[in-house]
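Subject: A structure to look at, with notes

Dear colleague,

Please find the structure placed just below, followed by my notes on what was found in it. I have tried to explain each term where it comes up, so please keep the structure open while you read.

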Amino acid sequence: MNCVAFVTDVETRVSLEALVSNYWSSGIVLEGGSKAALLYTPSKDIKYVIVDVSDAKNIKTTCDLILAKFSGAQGVLFIGQANDVALYRDLIRAGAADYVVKPINSEEIYTSLITSSKHQTPTQSSASVSNKKQAKLITVIGARGGAGTTSLVVNAGWILANTHKQNVVLIDMDVHFGTISLALDAKPSIGFKDALQDPSRVDIQFIEGALVKVTPTLSILAAEESMRDYVVFNDNSTKLLIETLKENKDYIIIDTPRSSLVRCPQLMMDADYVVLVSELTVPSLRDTVTILNQIKRIAAHKNIIVVANKARPGITSGQLSIKDFESQIDTKIAIVLPNAPEVIEKALNDGKAAAILAPKSKVIGEINSFCDIIHNKSKELDTEQQSKSIKGFLGRFK
Ligand SMILES: Nc1ncnc2c1ncn2[C@@H]1O[C@H](COP(=O)(O)OP(=O)(O)OP(=O)(O)O)[C@@H](O)[C@H]1O
Ligand SMILES: [Mg+2]
């Protein structure tokens with residue numbers, strides 16, 4: 001049996017029965033909540049355990065006992081009634097895959113179990129988890145269509161992969177009109193659509209098979225789906241996909257349509273950097289303000305990097321000055337990319353990164369500086385993380 005669930009009410013039972021029969025070849029849903037879980041004799045082949053602990057008097061102690069009892073499982077997830085952040089944190093620290101407050105969403109439960117089990121099985125110590133290489137996630141979004149998002153993603157990806165020798169994956173979330181594969185003269189990825197639509201198929205082998213290699217260190221996930229084939233995906237499937245890909249890569253760069261701000265906000269929330277590409281025009285200014293507000297609302301703590309693109313020298317009609325633009329958006333522009341159709345437009349038409357065709361151009365020089373910012377900040381983030389985990393480890397001996 002690969003999944004066992006213990007429930008205390010009919011509604012949860014019905015949801016979990018549907019989930020178990022959908023995703024696991026052999027699984028069972030039993031009545032009795034935490035008491036039944038504690039009396040249960042687990043067999044070796046149980047991979048996933050779901051326990052409704054709303055019947056427990058002391059939830060934390062009960063969960064600890066259940067975690068110890070099912071320590072051989074890949075994921076143990078708790079369901080409860082108490083909406084308590086401190087309890088949630090304690091349980092995650094203790095090794096639970098998740099703690100979900102009723103009423104449950106069975107897809108969310110499935111994603112939590114699969115995601116956590118791949119990267120953080122309950123039996124692993126926090127020290128071993130922090131040693132694993134996890135890619136930094138860079139979510140790039142344009143203030144308006146045509147702002148230059150794809151051009152930045154392709155060239156920054158190329159530079160990080162080939163100059164900085166990092167293992168990079170580019171993902172084009174526009175599965176109908178995406179242009180990353182076109183820009184790099186690569187085949188669209190077979191399997192990307194399936195991975196987005198059907199999270200049950202996502203595992204590392206499947207995703208690695210779907211990646212299209214452009215160079216030994218640069219791969220892409222991009223599709224050119226027909227308009228007749230509406231691809232349904234949401235936060236759950238993208239999160240699972242990205243979490244699975246993160247292992248053993250250095251950077252995942254996502255070319256994100258603006259619709260993702262509503263459809264997949266997790267792409268912003270989970271990002272290490274959110275990059276907003278804008279032109280220095282009045283319409284772009286309006287949309288930059290709107291998008292920045294939304295990003296700050298859903299991912300306030302993230303590194304937000306604003307890039308101004310297609311900047312023309314001097315005072316030009318229709319173009320706002322950097323100073324005016326910055327004061328209106330109340331944020332500093334990190335990088336200004338010059339208008340360079342002879343480099344960027346030509347590279348897109350040739351299906352090659354401008355970084356190979358014109359490595360010495362001013363625009364590529366600025367994209368190099370952008371990559372330096374990302375790469376240096378990433379090293380800082382890693383050092384911070386490492387020192388936190390050492391502090392945490394030593395803290396136990398106080
Ligand atoms: N720095 C630049 N200088 C001149 N032209 C540029 C520059 N950056 C992008 N472009 C041009 O702008 C157009 C749009 O670029 P790109 O496809 O990268 O934008 P996008 O934001 O991804 O567009 P979409 O919203 O369609 O996805 C292309 O023709 C590209 O050549
Ligand atoms: Mg684009």
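How many bridges join β12 to β13, and do these strands run parallel or antiparallel? Four bridges join β12 to β13, and the two strands run parallel; here helices (H or I, at least four residues) and strands (E, at least two) are DSSP runs, numbered from the N terminus, and two strands pair if DSSP finds at least two bridges between them.

Before going further, please note that this is a predicted model, in which local features need pLDDT of at least 70 and side-chain atom pairs count only at pLDDT 80 or more, while totals for chains, interfaces and linings use all residues. Residues are numbered from 1 along each chain as its sequence is written, and chains are lettered from A and ligands numbered from 1 in the order in which they are written.

The sheet

β12 and β13 belong to an open sheet of eight strands with mixed pairing, whose order is β8-β9-β7-β10-β6-β11-β12-β13. Its edge strands, each of which pairs on one side only, are β8 (212-215) and β13 (333-338), and from one strand to the next the twist averages 25°. Helix α15 (residues 322-329) packs on this sheet, where it touches β12 and β13, and its direction makes about 140° with that of β13; axes are lines fitted to C-alpha atoms, for helices over the stretch in contact, and angles run from 0 to 180 degrees between N-to-C directions. Two residues are in contact if their C-beta atoms, placed from the backbone, lie within 7 Å.

Within the β12 and β13 pair, Val 307 stands opposite Ile 335 in β13. Leu 337 also has its place in β13, and it counts as buried because it has 25 C-beta neighbours inside 10 Å. The cut-offs are that a residue is buried if 20 or more other C-beta atoms lie within 10 Å of its own, exposed if 12 or fewer, and partly exposed in between, with C-beta atoms placed from the backbone. If neighbours within four places in sequence are left aside, the contacts of Leu 337 include Val 307, Ala 308, Val 363 and Ile 367.

At the other edge, β8 is joined to strand β9 (residues 218-221) by three bridges, and these two strands run antiparallel. A hairpin of two residues links β8 to β9, and the bridge partner of Val 212 in β9 is Ile 220.

Which residues of strand β6 are buried on each of its faces? On one side they are Lys 136, Ile 138, Val 140 and Gly 142, and on the other Leu 137, Thr 139 and Ile 141, so that seven of the seven residues of β6 (residues 136-142) are buried. In a regular strand the side chains alternate between the two faces of the sheet. β6 pairs in the parallel sense with strand β10 (residues 251-256) over six bridges, and five bridges join β6 to strand β11 (residues 273-279), again running parallel.

The ligand

Around ligand 1 there are 19 residues, of which Gly 145, Gly 148, Thr 149, Thr 150 and Ser 151 come nearest; a residue is near a molecule if its C-beta atom, placed from the backbone, lies within 6 Å of it. Two or more residues of this shell come from each of α7 (149-162), β12 (303-311) and α16 (341-350), and α16 gives the most, with four.

Backbone details

Most residues other than glycine have a negative phi, and most peptide bonds are trans. The bond from Lys 102 to Pro 103, however, is cis, with omega near 0°. Lys 165, in the loop between α7 and β7 (168-172), has a positive phi near 55°.

Confidence

The mean pLDDT (the predictor's confidence in each residue, from 0 to 100) is 87 for the protein, and 91% of its residues reach 70 or more. Among the elements, helix α6 (residues 126-131) has the lowest mean, 42, and α7 the highest, 98. Over residues 118-130 the pLDDT is below 50, and over residues 392-398 it is also below 50. Where pLDDT is low, the predicted coordinates should not be read in detail.

With best wishes
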